[in-house]
Amino acid sequence: MPRTKMTAPRATGGLAPRKGFPAKISLLVRRPETENLPHGSLQVAKAATGGAVPPQVQEMARSYSVAVVQPELFRNEFCMLCQDGARDGHCIYECDEDGCPRGVCTGCISIPGSSLQEVMQPTVVFRCIHCHTARDKTSGEVTPYYGFYLNGKPILPSFLPIVGHLEFSKRSEISAIPVLIIHFKIVGSETTATPINTVHSYLSPYFSNGGLRLVDVEFDLGTARKRDAYSEKCETLVKQVMGDRSYQIVCIAITNHTNDENGDPFLGYDKETKGSYIATTVPDFIDTLLDPWSKVLQCAKNTTLFFFGCGALVNYPESFGGLSSSAGRHKLTSIVAFTAKHFHPSITCHFLTTFAQLVLIERFTLREAFPSILEQSGLGMHTEVILMTMPMIPSSDNNPECTRFSFAHAKARPWGCTLPMQCAQCGCPTVWKRIKANASEMSATFQCSFKGCGKGADGRRSFPASTYTCKAPKGSKLLPGKRRDVAWLEIPVHPDTGLLRHAD
């Protein structure tokens with residue numbers, strides 16, 4: 001029988017001295033003989049330890065085994081067509097295809113009255129519109145949609161009328177997979193605006209039966225004593241989170257300052273009561289911040305980290321490499337960072353809400369959805385965006401795929417290059433006039449529009465009018481957009497340095 005249901009300063013940069021740790025900080029107890037074992041492998045653990053497996057390892061192995069062997073399918077709470085729940089006497093038919101979480105409400109399909117009892121028979125299965133079209137694509141044939149089947153054959157005398165209309169893609173879901181949002185914010189940044197609460201409010205209506213949680217964590221890791229206190233506080237929070245439910249999707253937001261001179265993230269104050277900010281290398285910072293949350297991250301199937309800090313973090317090769325190397329160590333599926341020298345987190349609201357819609361709700365992969373997220377973000381004139389994603393199939397080097405996305409506007413940012421506000425020769429705040437363009441080479445040359453540019457006091461021309469040439473980085477790909485004069489450039493970069501992969 002088909003299943004039914006009712007259902008203050010905004011910039012984040014500055015200077016801080018680098019703090020060197022005498023030894024790598026580890027807030028977890030790791031045993032060398034079991035550190036590299038596959039998760040959930042109790043037999044391998046016994047072999048490595050001579051049969052004496054600590055209780056903690058046994059419990060960890062069991063928890064991973066359950067997660068792998070018995071994955072939970074979270075059914076969509078809302079209709080894939082109208083995005084609404086069942087009301088006014090309607091219900092939602094859940095798709096019976098393996099692994100499909102979608103459903104269609106009876107307000108969007110018209111079941112003949114004479115067949116209502118027949119479709120509710122125990123052996124009848126329901127197939128959603130997405131799965132039907134997916135089968136057609138596989139077979140190479142287009143077939144009528146009947147919806148309800150018995151032993152693989154339609155039970156309705158004619159096709160099933162679809163009276164609703166598609167508001168998302170047929171591939172989209174209205175996902176109800178539990179989402180955990182962890183917002184780490186450095187002490188003293190109470191007035192720094194971030195859109196995390198806006199995103200939480202945006203998602204809330206989709207989780208009417210629970211499954212959405214926001215955890216705010218203020219951190220000050222400037223001294224050893226503070227780091228110990230942070231570890232204890234996080235241990236309590238982790239127990240609460242894991243006691244609540246298993247969160248398969250984790251979104252991490254880090255609001256922090258970065259050292260303008262080398263990209264080091266700030267740790268906190270160097271004294272017990274305030275003092276001056278100190279910073280550390282990116283790997284030490286990420287390890288210190290995330291190690292206490294390793295149990296949560298290991299249980300998650302998808303973890304995305306957003307770093308809301310100024311662009312020095314990804315504009316220096318050392319700090320860029322440190323950030324990308326953190327993805328594999330902490331099971332981060334993807335990392336997003338921003339290049340603006342004085343980055344304002346508050347203007348990422350559209351960026352994050354579009355991410356929430358396309359990735360968390362409709363369940364597209366982040367890299368697949370990223371062009372659409374950028375197009376609706378409004379970030380183009382403020383910052384470039386860095387995306388790091390781990391491969392679906394682990395590789396030998398375990399490096400993420402790293403891409404820099406740069407906004408291109410025919411007049412303001414031709415081929416991703418910002419035209420100067422003022423002509424360096426005549427001093428005029430000028431509108432640059434394009435005098436040459438080469439689309440195949442992704443380049444354009446502009447000239448100062450002031451008629452007197454390059455002329456002396458006598459009106460005679462002493463120098464040619466000032467020109468400025470813009471050229472896209474080598475290896476760039478122009479992403480399609482809704483407007484002809486506006487687009488984003490996709491630029492591959494090295495995971496170790498952030499430098500161009502196709503540099504001359």
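Start with the crossing of H7 and H10, which is right-handed in this predicted model. To see it, select residues 282-290 for helix H7 and 317-329 for helix H10. The two pack at an angle of about 35°, and their axes lie 8 Å apart.

Now show the side chains where they meet. From H7, pick Val 282, Pro 283, Ile 286 and Asp 287. Their partners in H10 are Ser 319, Gly 322, Leu 323, Ser 326 and Arg 329. Colour this H7–H10 contact by residue class and you get four nonpolar, three polar and two charged residues.

Next stop: Ser 115. Look for it in the loop between strand S4 (103-105) and helix H3 (116-119). Is Ser 115 buried or exposed? Its relative accessible area is 3%, so Ser 115 counts as buried, the cut-off being under 20%. Leaving out residues up to four places away in sequence, Ser 115 touches Leu 156 and Pro 157, so add those two to your selection.

Last, move on to the sheet S18-S19-S20. Those three strands, in that order, make an open sheet with antiparallel pairing. Select 433-438 for S18 and 467-471 for S20: these are the edge strands, each pairing on one side only. On average, neighbouring strands here are turned by 20° against each other, direction ignored.

Then zoom in on S19, residues 443-447, where five bridges join this strand to S20 in an antiparallel run. To finish, click on Thr 445 and look across to S20: the residue standing opposite is Thr 469.

Notes
Residues numbered from 1 in each chain as written. Predicted model: local features only at pLDDT ≥ 70, side-chain atom pairs only at ≥ 80, totals over all residues. Heavy atoms only, no water. Axes fitted to C-alpha atoms, helices over the stretch in contact; angles between N-to-C directions. Helix = DSSP H or I, 4+ residues; strand = E, 2+ residues; numbered from the N terminus. Left-handed = near helix turned anticlockwise from the far one by under 90°. Contact = heavy atoms within 4.5 Å. Nonpolar A, V, L, I, M, F, W, Y, C, P; charged D, E, K, R; others polar. Buried < 20%, exposed > 50% of the residue type's maximum accessible area, 1.4 Å probe, protein only. Pairing = 2+ DSSP bridges.
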